[in-house]
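Hi everyone, thanks for making time this morning. I'd like to walk you through one model, so let me put it on the screen.

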Amino acid sequence: MPIENNFQHDELTLKDGTELFKVTVLKAENPQGAILFAAGRGGDPSRHLPFLRSLTGYGCTVIAP
């Protein structure tokens, strides 16, 4: 059973050479691990926020470019 969903949801813009890209970061309150989540095929991680939030409930910080 997941712990309470206490997390921070941030969207960062990073630069790789001349290209800008966004990264969604959900931070667990007391992280026990980290997950790199790829939506695939240029997908938008915000479509998967309920799932990503549930992972933070299990103590994982989620990074989703």
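**A walk from threonine 61**

Let me start with a single residue. Not counting residues up to four places away in sequence, threonine 61 touches Leu26, Lys27, Ala28, Pro31, Gly33, Ala34 and Ile35. Threonine 61 sits in strand β4, and at 14% relative accessibility it counts as buried. We'll come back to those neighbours in a moment.

First, a word on what you are looking at. This is a predicted model. The mean pLDDT of the protein is 85, with 88% of the residues reaching 70 or more. Among the elements, strand β3, residues 33-36, has the highest mean pLDDT, at 96, and strand β1, residues 7-16, has the lowest, at 82. As a general reminder, where pLDDT is low, the predicted coordinates should not be read in detail.

Now the overall layout. The protein has one helix and four strands. Starting from the N terminus, the order of elements is β-β-β-α-β. Of the 65 residues in the protein, 26% are buried. If you take contacts between residues at least 6 apart in sequence, 54% of them join residues at least 24 apart.

So how do the strands pair up? Let's begin with β3 and β4, which pair in the parallel sense over four bridges. One of the residues that threonine 61 touches, alanine 34, is also its bridge partner. Alanine 34 lies in strand β3. Along the chain, alanine 34 and threonine 61 are 27 residues apart, yet their C-alpha atoms are 4.6 Å apart in space. Is alanine 34 buried or exposed? Alanine 34 is exposed, with a relative accessible area of 62%, while threonine 61 across from it is buried at 14%. In the same pair of strands, isoleucine 35 has valine 62 of β4 as its bridge partner.

On to the other pairing of β4. Three bridges join it to β2, and these two strands run antiparallel. Here threonine 24 stands opposite alanine 64 of β4. Why can we call β4 largely enclosed by the rest of the structure? Because four of its five residues are buried.

Now bring in the helix. Together, β3, α1 and β4 make a right-handed β-α-β unit. Within α1, the buried residues are Leu49, Leu52, Leu55, Thr56 and Gly57. In general, an α-helix has 3.6 residues a turn, so residues three or four places apart point the same way. Keep that in mind for the leucines in that list.

Threonine 56 deserves a quick look of its own. It belongs to helix α1 and is buried, with a relative accessible area of just 3%. Its C-alpha atom is 6.8 Å from that of lysine 27, which is 29 residues away along the chain. Just after α1, glycine 59 takes a positive phi of about 90 degrees.

Next, the core. Which residues form the largest nonpolar core? There are seven of them: Leu26, Phe37, Leu49, Leu52, Leu55, Val62 and Ala64. The elements that supply two or more of these residues are α1, residues 49-57, and β4, residues 60-64. Helix α1 gives the most, with three residues. If you'd like one residue to zoom in on, try leucine 52. Leaving aside neighbours within four places in sequence, leucine 52 is in contact with Leu26, Phe37, Pro45, Val62 and Ala64. For background, nonpolar side chains in soluble globular proteins tend to be buried together.

Last stop: charges. How many salt bridges does a search of the whole structure find? There is one. Glutamate 11 pairs with lysine 22, and their closest N and O atoms are 3.6 Å apart. The two residues link distant parts of the chain, with glutamate 11 in strand β1 and lysine 22 in strand β2, residues 19-28, eleven residues apart. Lysine 22 counts as exposed, since its relative accessible area is 51% and the cut-off is over 50%. Bear in mind, too, that one end of this pair is in β1, the element with the lowest mean pLDDT.

To wrap up, the picture I'd leave you with is β4 in the middle of things: paired in parallel with β3, antiparallel to β2, and contributing to the largest nonpolar core along with α1. Thanks, everyone, and I'm happy to take questions.

Methods:
Residues numbered from 1 in each chain as written. Predicted model: local features only at pLDDT ≥ 70, side-chain atom pairs only at ≥ 80, totals over all residues. Heavy atoms only, no water. pLDDT = per-residue confidence, 0-100. Core = buried A, V, L, I, M, F, W, Y, C linked by side-chain atoms within 4.5 Å. Buried < 20%, exposed > 50% of the residue type's maximum accessible area, 1.4 Å probe, protein only. Contact = heavy atoms within 4.5 Å. Salt bridge = Lys/Arg side-chain N within 4 Å of Asp/Glu carboxyl O. Pairing = 2+ DSSP bridges. Right-handed = clockwise from strand over helix to strand, strands pointing away.
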